[in-house]
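The exercises below are meant to be worked with the sequence and the structure side by side. Try each task before reading its solution.

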Amino acid sequence: MKKSLSLLFGEAHVQDFFKALSLGEPFVFHGPLERLQPLLAEVPFLSSLEALVNSWPDHIQAHLPDVRDEASSIDTTPKDAKKLFDNGMGLLFDEAQRFSPALQEWLENLRQELSLSAMTISRSICYATPDGKGTAPHFDQNINFVVQLHGTKIWSMARNTTVENPLTRHTMGLEPDMEMQGYLDRPMPTQMPPKVKQMELKPGSVLFVPRGYWHSTEAEGDALALNFTFTPPTWIDLFTVALRSRLSLSVDWRKTAFMNENAPAEFDGLLQEIIQDLPNWKAQDILSAIEPE
């Protein structure tokens, strides 16, 4: 397996990255873009925005100026995307690995180096940002590696002290989704926290963005970046997969749930089965079943 982290951050800094990862802190490495030629040479559409637009075979997401975020966007054609970009709208090219075996390989190598689950959703995304534009403050439920390819982008970042380990993305100023409202114990901030770190990414810079970390961006000159994005399962996800697998073996659990007067008693009986069965569960057995690698 190729050591992709070593190429992104340099062999001498990989352990520093893993320390930042364990602390939930961002990590940035500034190096020459030339070191990434083993990747870029295999993905010619990353050579410029024009090359990317001209070779893109699918729709492109354009971010509307009202929110400056993918939460407010439209789908457009490659033919119209450059016009929208010239009018100040950022562009998102989603799941670029669909059109590049090299990006697929990079995603898989990084996933394995990070010891992420085989159930992880791995994506490669290209972001084109016009001069002076960027994204509104937000946090993601995933972890990101940002590779700056062209232009300069300023990242403003701050630790999220409102919600730890969020399950979904959130843009500042918008309403949190219903599930997030259920585990929030205080209102979301309406402006970036006071302790903001600023990082300037130039061609060749690589930034690791932790899950749940507040960030906003602004381009100085037209900018193009490549993201490696990973949404790994939580322990909730692994447990619910295992639970469904276990319960599906029971003919009683597979019955249709009729919401009549007998429903509470019937459901209580089924819950008692789980209570009696749980002492027999072993973490290693479950992980071996759903994570064969």
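**Exercise 1.** How many nonpolar, polar and charged residues does the lining of the largest pocket have?

*Solution.* Keep in mind from the start that this is a predicted model. Begin with the extent of the largest pocket, whose volume is about 830 Å³ and whose lining is made up of 26 residues. Next, sort that lining by class, which gives 15 nonpolar, seven polar and four charged residues. Finally, place the lining on the chain: Leu21, Ile143, Asn165, Arg211 and Pro232 lie nearest the centre of the pocket, while the helices α2 (14–23) and α8 (235–247) each supply at least two residues of the lining.

**Exercise 2.** Describe the second largest pocket in the same steps, from volume to lining to class.

*Solution.* The volume of the second largest pocket is about 470 Å³. Its lining consists of 33 residues, and those nearest the centre are His63, Glu70, Tyr127, Thr135 and His138. At least two lining residues come from each of β5, β7 and β11. Sorted by class, the lining of this pocket holds eleven nonpolar, 14 polar and eight charged residues.

**Exercise 3.** Which residues of helix α5 are buried, and what covers them?

*Solution.* Helix α5 spans residues 78–86, and its buried residues are Ala81, Leu84 and Phe85. These residues cover an arc of only 100° around the axis, and therefore they lie on the same side of α5. Turning to the face directed away from that buried side, one finds the exposed residues Lys79 and Asp86. The cover over the buried residues of α5 includes α4 (49–55) together with the strands β2 (60–63), β3 (73–76), β4 (91–93), β5 (121–129) and β11 (214–231). Following the chain just past α5 brings one to Gly88, which takes a positive phi of about 95°.

**Exercise 4.** Where do Ser115 and Asn165 lie, and is each of them exposed or partly exposed?

*Solution.* Start from the general expectation that most residues other than glycine have a negative phi. Ser115, although it is not a glycine, has a positive phi of about 60°, and it is found in the loop between α6 (101–113) and β5. With a relative accessible area of 65%, Ser115 is exposed, since exposed means over 50%. Asn165 also has a positive phi, near 55°, and lies in the loop between β7 (143–158) and β8 (170–171). At 49% relative accessibility, however, Asn165 counts as partly exposed.

Definitions and conventions:
Residues are numbered from 1 along each chain as its sequence is written. This is a predicted model: local features need pLDDT of at least 70, side-chain atom pairs count only at pLDDT 80 or more; totals for chains, interfaces and linings use all residues. Side-chain values use heavy atoms; hydrogens and water are left out. Buried means under 20% relative accessible area, exposed over 50%, partly exposed in between (1.4 Å probe, protein chains only). Helices (H or I, at least four residues) and strands (E, at least two) are DSSP runs, numbered from the N terminus. The arc is that of the directions from the helix axis to the C-beta atoms. Contact means heavy atoms within 4.5 Å. On a 1 Å grid over the protein atoms alone, a cavity is a set of points where a 1.4 Å probe fits but cannot get out, and a pocket is an open set with protein on both sides within 12 Å along at least five of seven lines; lining residues have an atom within 4 Å of a point. Grid points are joined across faces, edges and corners, and a volume is the space filled by probe spheres set on the points. Ala, Val, Leu, Ile, Met, Phe, Trp, Tyr, Cys and Pro count as nonpolar, Asp, Glu, Lys and Arg as charged, and the others, Gly among them, as polar.
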